[in-house]
Amino acid sequence: MKRKIWTASALMALGALLWSNGSGEVEKADSAAAKAQGPIEITWWHAMGGANGEKIDQIASDFNASQNEFKVIPVNKGSYSDTMTAGIAAFRSGEQPHIIQVYEVGTGTMMAAKGAIKPVYEVMKEGGAAFDPSAYLATVTGYYTTAKGEMLSMPFNSSTPVMYYNKDAFAAAGLDPENPPKTWEDVEKVSRILVDRGVVSAGFTTTWPSWLMVENFSAIHNIPLSTKSNGFEGMDAEFLFNKTLVVKQHEMLAKWQKENIFKYGGRASAAGPLFNTGEVAMTFGSSAGYSGYKQNCDFSFGTSPLPYWASEVKGIQNSIIGGASLWVFEGHSAEEYKGVARFFNYLSSAEVQADWHQFTGYLPITYAAYDLTKKQGYYAANPGTEVALIQMTTNQPTANSKGLRFGSYNQIRDIINDEQEAIFSGEKTAQQGLDDAVKRANELLRQFEKANK
Amino acid sequence: MRDKQIIYKSPVLPYLLILPELVIILLFFFWPAAQAFYQSFLREDPFGLSSTFIWFENYRYVLTDPFYLSSLKTTFFFTLWVTLFTMVSGLGLAWLVFQLKERETYQTFIIWPYALAPAVVGVIWYFIFNPTLGVLPWVLSLFGGNWDPKLLGKQAVLMVVIALSWKQISYNFLFYLAGLEGIPKSYTEAAMVAGASRSQIFFLIIRPLLAPTTFFLLTMNMLYTLFDSFGTIHNLTHGGPNHATENLVYKVYADGFIGLNLGASSAQSVIIMVMAVALTLFQFKFTDKGGRA
């Protein structure tokens, strides 16, 4: 009896073990069989929700319908940081997708991950796809290209910030709705008028406070964010924005916050509703927010280039981009990379790009797509949508406005946000806050440098 | 209890019977814990391509990080206020409902919030408290109040404490009500006959008799605020503004998953693990004594 029970339990335990192993093998065999028969599957992890997510599904299914060798499967992985974390975790366990969309602040981290990433220029070369990096907008690709001009990731959804302003509010305050402020001096003046006449409770807000008030602010004023050309020339860069015009800007913002000229609306795009609901008359945000504002605002609004300090510069240099690019993971077969190359080629064709640009407000990444959109009469029919492109392409970018390349920048941006909140709430002076931000951010740069030696 | 123990003749069978449970615990608790422990001594790039053994440097970094110390303080603050707030209101509500003849309706409504996931609670309160869209800021603005938890840390902390407590009040209510129902009527009746006032009955008879429940709830509430608050904080404030609502658990997430600093994040989880073990041992010891007394 005793023996029987023992044997039975042992068998049960063994069975459980076998079952768990066996089913895994069956699954693998199944998918291998499917692969042998059907098209080769390419997985693409992305972070686009809502209408943009549906657009991605459409792009993939159009590509799949255009040929029968490969099948691109897009999978939404949540927010940008969720997607990146998921991709990294997947790589660590050997389950990485082929393509992953990574936001621009993750660029430094991805670039440093040499054994994990297959550079796009390699993928394209090996895949035999026609590929000409100079067809791409320089201000966009500059972000994702090595010093030697090799493109490491595929720019996909890039945007640049612009000013949005409420035309109805301008008119109600007796201001010219077709003449938005061009300088920070005017932004202040106009805000005072708008608030004094009781049209809005505060003049302006901003989304993405670090992207707008530190990174783009520096670029359009042509001042450096750090040493080593904003990190492009080496991992040993040190931040400088506690010694530049950024300090004055934050002094003003803190002062304006008290006077209701400026109203802080939170991190990322949390400030959006302040503008939608008419609480403020101006906001700064991604050009890709255009369709969202169009949907949510029951007033007419316009777009305009980012303002500059007329006391400091004669005009704006150029703004820098945000958004995301597509990275290719190591560890897949040559056949599969061929599919990736084919898909990237399709993705950057003028038709697909022009459609994507017009639908989402993201920048077209090639000159051909820009020209096609012009030819289609899109900008004439939708005034204000070209502002972002003009702002990006009018001036040749300098070392200060080419973009930025720092490791751990997602965390650094959080640090800047932290200190900005401390400054705007009056807890710290602008100088103190930015000094602390630079100190903490430099520590992270040094850690990143050590970890990636 | 001892006399009820079953004695197995074979030394192997009992172990076999608990084997499935052991496998699960080993696989989902001990293995990850061991990994975290090992990781806490490494400096590694996010992809795990290169790693260096650096002894206690992660711990040194964490323990000298001013935001870590402030998250300790925040955690303590949350725990104190949420525990106090939920227990007082849970007991108060239970006492009120206990005196009713028809309890079911009230009971159901008060228990309701407990059925919600912490993340959902976060979203609900996000909409109530949102400075632009919310109801509460609008009401406050009628009285000239300035509600801006996105910028003002103290308001954000208050907001999180309220959201965390709201859900947990149900739990406290439920246990206190059960506790009250478990007190023999004869005690309170005898006291009434002896001429005790309502408050005397409550403070001198009910309160001490509820002590085991109170102790149990005290530890449960502490554990809840320490480890279950993530979803609520994530949806309400993301730990901001300027780390004001970042507790220990949230910081592990922020450093590990957003910052991709796995070493420092692991070191923090090891510290939390030690705290959790200590708290649980403490609870075991006391409930054991309470049970025997």
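This passage walks through a predicted model with chains A and B, from overall build down to single residues.

Being a prediction, the model supports local features only where pLDDT is at least 70 and side-chain atom pairs only at pLDDT 80 or more, while totals for chains, interfaces and linings use all residues. Residues are numbered from 1 along each chain as its sequence is written, and chains are lettered from A, with ligands numbered from 1, in the order in which they are written.

Chain A comes with 20 helices and 10 strands. Helices here are DSSP runs of H or I with at least four residues, strands are runs of E with at least two, and both are numbered from the N terminus. Laid along its principal axes, the C-alpha trace of chain A spans about 90 × 55 × 45 Å. The radius of gyration of chain A, 25 Å, agrees with a compact globule, because 453 residues packed that way would give a value near 22 Å. (That radius is taken over C-alpha atoms, and the globule rule is 2.2 Å times the number of residues to the power 0.38.)

Half-and-half is a fair way to put burial in chain A, with 50% of the 453 residues buried. A residue counts as buried if 20 or more other C-beta atoms lie within 10 Å of its own, as exposed if there are 12 or fewer, and as partly exposed in between, with C-beta atoms placed from the backbone. Contacts, meaning residue pairs whose backbone-placed C-beta atoms lie within 7 Å, reach far along the sequence: of those in chain A with a separation of 6 or more, 76% join residues 24 or more positions apart.

Chain A splits into domain 1 (38-159 + 322-379) and domain 2 (161-319 + 406-451), with bounds that come from an automatic or database domain assignment. The centres of the two domains, taken over C-alpha atoms, sit 29 Å apart. Where they touch, domain 1 of chain A puts in 14 residues and domain 2 of chain A puts in 15. On the domain 1 side, α4 and β10 (322-329) of chain A each supply at least two residues, and α4(A) has the largest share with 3. That side has 10 polar residues, 4 nonpolar and no charged ones. In this scheme Ala, Val, Leu, Ile, Met, Phe, Trp, Tyr, Cys and Pro are nonpolar, Asp, Glu, Lys and Arg are charged, and the others, Gly among them, are polar.

Within the range of domain 1, strand β1 (residues 40-46) of chain A runs parallel to strand β2 (residues 70-76) of chain A, and the two pair over 7 bridges. Pairing requires at least two DSSP bridges between the strands. One of these links joins Ile42(A) to its partner Val72(A) in β2(A). Between the two strands the chain passes through helix α2 (residues 50-66) of chain A, giving a right-handed β-α-β crossover; with the strands pointing away from the viewer, the path from the first strand over the helix to the second runs clockwise.

Lys228(A) stands out for its backbone, with a positive phi near 60 degrees in a residue other than glycine. Lys228(A) belongs to helix α10 (residues 227-230) of chain A and counts as partly exposed because it has 16 C-beta neighbours inside 10 Å.

Now for the partner. Chain B has 14 helices and 2 strands, and its C-alpha atoms fill a box of roughly 75 × 75 × 30 Å along the principal axes. Of its 293 residues, 33% are buried. Among chain B contacts between residues at least 6 apart in sequence, 69% join residues at least 24 apart.

The contact between the chains takes 35 residues from chain A and 26 from chain B. On the chain A side, the elements giving two or more residues are α1 (2-37), α3 (80-92), α4 (107-112), α12 (272-276), α19 (409-424) and α20 (430-451). Of these, α19(A) gives the most, 7 residues. By class, this side has 14 nonpolar, 13 polar and 8 charged residues.

In chain B, the loop between α12 (230-236) and α13 (248-258) holds Pro241(B), and the peptide bond leading into Pro241(B) from Gly240(B) is cis, with omega near -10 degrees. His243(B) lies in that loop between α12 and α13 of chain B too, and shows a positive phi of about 70 degrees although it is not a glycine. With 23 C-beta neighbours inside 10 Å, His243(B) counts as buried. The helix that follows, α13(B), is mostly covered, with 9 of its 11 residues buried, including Leu248(B), Tyr250(B), Lys251(B) and Asp255(B). Just after α13(B), Leu260(B) takes a positive phi of about 60 degrees.

Definitions and conventions:
Contact = placed C-beta atoms within 7 Å.
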